[in-house]
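Visitor: I have a structure open and would like to talk it through. Could you take my questions as they come?

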Number of protein chains: 2
Amino acid sequence: MSLCPKVEKAMQLLGKRWTGLVVKQLLDGPQRFSEIKAGFPISGKLLTERLKELEDEGIVTRKVYAEVPVRVEYRLTEKGRALQAVIGEIEHWAHDWMEIKEQAQLN
Amino acid sequence: MSLCPKVEKAMQLLGKRWTGLVVKQLLDGPQRFSEIKAGFPISGKLLTERLKELEDEGIVTRKVYAEVPVRVEYRLTEKGRALQAVIGEIEHWAHDWMEIKEQAQLN
DNA sequence: TATATTAGGTTACGAAACGTAACAAAAAAC
DNA sequence: GTTTTTTGTTACGTTTCGTAACCTAATATA
């Protein structure tokens, strides 16, 4: 049985650096560029690129407020919010199975 | 609220090219190197690398059969099988929301 | 007029990840 | 000794990524 192209495309999208975290961050509600950026150590260049990809996929919408200085808000579409189930399962699995090495292990 | 390190690590792992597909493939049962490789267009070099990372994380085990020629079988651990829920949700979301552009669009 | 301020990018450039293709190991068959 | 087969490994060129400098636009300040 060969791999479903929809699934392959989804894997290809989520299998990109930072994409999952950007979506997870936006699940907490609409946020501006600088707020997303503050959530984890992504570079501005890559965040721009990832948001553009997510916008092209119909997962995120971009809204510009012509204030001074400009404010740009990103929010999930219905398609984007549907990813909550995926992110939720990743969090669930991580809490059950992931181990983190402490920065100062004794003995 | 800051990002849970376990979740961040999980995202970092699954947010690598091919990792999700390798796990998905192994959910169908133990498979040898060449079988996994045939499932999608990953290079041998990267498949070696990804399998080593998954082994280091305790998600996959590697078993060598000293036959001629050698046979190497990879299988998911309990931690790896627990990713079934994540992969399942990705497949679910993909079927509900992903659009695939046809190779020859009429109009 | 000129300069400063600020968010959200964009660009140039070096570093890391990736893809391709040639090669290596090992053991048995010929 | 040569061939065959699977599972890698290495060399090398391409793409992606990270860092830091720069740009834009509107307003405030000097």
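Visitor: Through what surface do the copies meet?
Guide: The copies meet through the same surface, because 100% of the interface residues of chain A are also interface residues in chain B. Please note that this is a predicted model.

Visitor: How many residues does the contact take from each chain?
Guide: Chain A contributes 37 residues to the contact, and chain B contributes 37 residues.

Visitor: And what area do chain A and chain B bury between them?
Guide: About 3,600 Å² is buried between chain A and chain B, with 79% of it on carbon and sulfur atoms.

Visitor: How many salt bridges are there across that interface?
Guide: The rule finds zero salt bridges across the interface of chain A and chain B. It does find six residue pairs in polar contact there, both residues being at pLDDT 80 or more.

Visitor: Which elements of chain A touch chain B?
Guide: Those giving two or more residues to that side of chain A are α1 (5–14), α2 (19–26), α5 (78–81) and α6 (84–97). The most comes from α6(A), which gives ten residues. By type, the side of chain A that touches chain B consists of 22 nonpolar, three polar and twelve charged residues.

Visitor: What rotation superposes chain A on chain B?
Guide: A rotation of 180°, with 0.0 Å of shift along its axis, superposes chain A on chain B with an RMSD of 0.0 Å. The two copies are therefore related as by a two-fold rotation axis. In chain A, the C-alpha of A:G15 is nearest the axis, at 2.1 Å from it.

Visitor: Changing topic to the DNA: how many residues surround strand D?
Guide: DNA strand D is surrounded by 19 residues, and the closest are A:K45, A:R50, B:S34, B:R62 and B:Y74. These 19 residues divide into eight nonpolar, three polar and eight charged.

Visitor: Which elements supply that surface?
Guide: At least two residues each come from α4 (44–56) of chain A and from α3 (33–39), α4 (44–56) and β3 (71–76) of chain B. The largest share, four residues, comes from α4(A).

Visitor: What part of the strand's atoms within 4 Å of the protein is sugar or phosphate?
Guide: Of those atoms of DNA strand D, 76% belong to sugar or phosphate, and the rest belong to bases.

Visitor: Which side chains lie by phosphate oxygens, then?
Guide: A polar side-chain atom of A:R17 lies 3.2 Å from a phosphate oxygen of DNA strand D. For chain B, a side-chain N or O atom of B:R32 is 3.1 Å from a phosphate oxygen of the strand, and for B:S34 the corresponding distance is 3.0 Å.

How values were computed. Residues are numbered from 1 along each chain as its sequence is written. Chains are lettered from A and ligands numbered from 1 in the order in which they are written. This is a predicted model: local features need pLDDT of at least 70, side-chain atom pairs count only at pLDDT 80 or more; totals for chains, interfaces and linings use all residues. Side-chain values use heavy atoms; hydrogens and water are left out. Contact means heavy atoms within 4.5 Å. Buried area is the accessible area (1.4 Å probe) that two parts lose on being put together, summed over both. A salt bridge is a side-chain nitrogen of Lys or Arg within 4 Å of a carboxyl oxygen of Asp or Glu. A polar contact is a pair of N or O atoms within 3.5 Å; within protein, one must be able to donate a hydrogen and the other to accept it, and residues adjacent in sequence count only if both atoms are side-chain atoms. Ala, Val, Leu, Ile, Met, Phe, Trp, Tyr, Cys and Pro count as nonpolar, Asp, Glu, Lys and Arg as charged, and the others, Gly among them, as polar. A residue is near a molecule or strand if one of its heavy atoms lies within 4 Å of it. Copies are superposed by least squares on the C-alpha atoms of residues with pLDDT of at least 70 in both.
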